[in-house]
Amino acid sequence: MTASQNSRSAFYLALALALAPVASHAASDPKAPATDTAKPEQDAAQPDLKPLPTTTPMPSEMKHLPAPTDVIDQQRFGGSKSQDGQPDTDRFGGPKTDPAYGAFQRGLYKTAYNLALPRAEAGDAAAQTLIAEILSRGLGVARNDKEAAKWYGRAAEQGVPEAQFQYALILLDGQLAPKDRKAAYALMQSAAEAGNQLAQFNFAQMQIELNPGDKGLEKAAVYYERAAQSGLADAQYAMSQLYANGVGGKTKDDVEARRWLVLSARQGFDTAELDLGTWLVQGRGGAKDEKAGFAWMMQAATGGNVAAQNRLAKLYMNGLGTDPDLISAAAWYIVARRAGLKDPAMDSFFDGLDDDQLKQALQRANRLR
């Protein structure tokens with residue numbers, strides 16, 4: 001490699017970065033576990049995720065688990081869906097034949113609000129939860145988070161699990177009501193014991209925060225498993241990490257870990273897609289399948305996972321699960337670099353490309369963004 005070639009490569013990489021804004025990490029959930037978007041990777045076949053930010057030190061071998069402070073609240077301002085794809089009003093605690101819920105399911109939110117409000121004011125806990133949901137999302141009425149918090153609080157006092165979960169988040173945040181971690185803990189536990197899967201996951205997070213080390217992980221594992229069995233992708237990924245590392249009272253079992261990874265990845269959880277792709281390429285926890293590993297890595301990369309974009313570049317570079325393609329390898333690395341990831345090994349690869357390859361890679365990267 002001559003000095004002039006190095007100079008040209010550096011120019012093209014700088015040009016590639018300048019032509020696009022910094023990309024964001026499009027995870028399956030805003031609170032989902034972070035990936036190594038700012039840490040160089042050493043080997044495409046080895047997971048290398050950075051430790052997650054947390055106020056409580058976690059065992060180094062558990063760095064893939066969600067940080068204790070990463071709560072999941074995707075049910076808030078949206079809610080789960082029933083099997084027919086409609087809003088699941090069972091979580092409000094009222095009868096399915098209720099006219100207010102019927103209007104809500106049909107998208108007649110203003111009607112639902114008008115029907116539910118008198119009953120909410122009269123103390124009906126299910127109606128209070130429905131009113132809170134409508135107000136928190138601004139459905140048919142002006143969004144009013146403060147008023148929604150009030151109704152969630154009233155319904156929580158009456159034991160509605162959905163309201164307990166939501167109000168626990170509000171108490172943890174401290175913006176819409178005075179911060180109260182003790183009360184939030186009690187409400188989250190109550191909702192978790194009642195079967196709310198998001199409360200189960202978040203209560204597991206609280207166990208890790210309050211009980212550092214394996215003791216906390218053992219307590220958390222009980223609730224991670226409940227949420228995972230009910231289908232929560234975040235919890236399924238957490239279970240994969242417990243088994244992969246043999247912690248939290250679980251015996252190290254790569255086969256079981258891979259089973260949980262598959263379940264989580266099938267729901268579009270990008271970190272699980274990333275890990276599953278890597279495990280398939282490695283043959284970890286089951287049969288080696290480089291083509292399937294490549295496909296999962298591609299799915300995570302196209303979904304915006306920056307670590308997956310870099311690893312996909314390495315799969316293209318080495319011809320693992322696909323035909324070798326230096327242009328695609330360089331293009332995906334450009335995409336990852338635009339998002340802030342730096343990898344010395346890939347920088348060296350990039351420096352070895354000629355002018356024509358660099359131009360093609362830049363053009364391809366611009367189509368990928």
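**Exercise 1. Find the residue that comes after helix H10 and give the sign of its phi. Then work out how H10 sits in the fold.**

Step 1. Gly246 follows H10, and its phi is positive, near 65°. Helices here (H or I, at least four residues) and strands (E, at least two) are DSSP runs, numbered from the N terminus. A quick note on the ground rules: this is a predicted model, where local features need pLDDT of at least 70, side-chain atom pairs count only at pLDDT 80 or more, and totals for chains, interfaces and linings use all residues. Residues are numbered from 1 along each chain as its sequence is written, and side-chain values use heavy atoms, with hydrogens and water left out.

Step 2. Check the length. H10 covers residues 233-245, 13 residues in total, and spans 19 Å from its first C-alpha to its last, close to the 18 Å expected at 1.5 Å a residue. That expected span is 1.5 Å times one less than the number of residues.

Step 3. Check burial (buried means under 20% relative accessible area, exposed over 50%, partly exposed in between, with a 1.4 Å probe and protein chains only). Twelve of the 13 residues of H10 are buried, so the helix is largely enclosed by the rest of the structure. Among them are Asp234, Gln236, Tyr237 and Met239.

Step 4. Look for the neighbours. The buried residues of H10 pack against helices H8 (197-210), H9 (214-229), H11 (254-265) and H12 (270-282).

**Exercise 2. Which partners does the side chain of Thr278 reach?**

Step 1. Place the residue: Thr278 is in helix H12, and at 1% relative accessibility it counts as buried.

Step 2. List the polar contacts (pairs of N or O atoms within 3.5 Å; within protein, one must be able to donate a hydrogen and the other to accept it, and residues adjacent in sequence count only if both atoms are side-chain atoms). The Thr278 side chain reaches the backbone oxygen of Leu274 at 3.1 Å. A polar contact of 3.2 Å also joins it to the side chain of Arg311.

**Exercise 3. Classify the ring pair of Phe203 and Tyr223.**

Step 1. Set the criteria. Rings of Phe, Tyr and Trp (its six-membered ring) pair if their centres lie within 6.5 Å; planes under 30 degrees apart count as stacked, over 60 as edge-to-face and the rest as tilted. Searching the whole structure gives six aromatic pairs.

Step 2. Apply them. The ring centres of Phe203 and Tyr223 are 4.8 Å apart and the planes stand at 80°, so this pair is edge-to-face.

Step 3. Locate the rings. Phe203 lies in helix H8 and Tyr223 in helix H9, so the pair ties together parts 20 residues apart in sequence. Both residues are buried, and together with Tyr185 they form one aromatic cluster.

**Exercise 4. Which residues touch the most other members of the largest nonpolar core?**

Step 1. Define the core: a set of buried Ala, Val, Leu, Ile, Met, Phe, Trp, Tyr and Cys residues joined through side-chain atoms within 4.5 Å.

Step 2. Pick the hubs. Of the 74 residues in it, Ile134, Tyr167, Met188 and Tyr224 touch the most other members.

Step 3. Zoom in on one. Leaving out residues up to four places away in sequence, Ile134 touches Phe104, Tyr109, Ala112, Tyr113, Leu139 and Val141.

Step 4. Look for another core. A second, separate one has 31 residues, including Phe294 and Met346.

How values were computed: Contact = heavy atoms within 4.5 Å.
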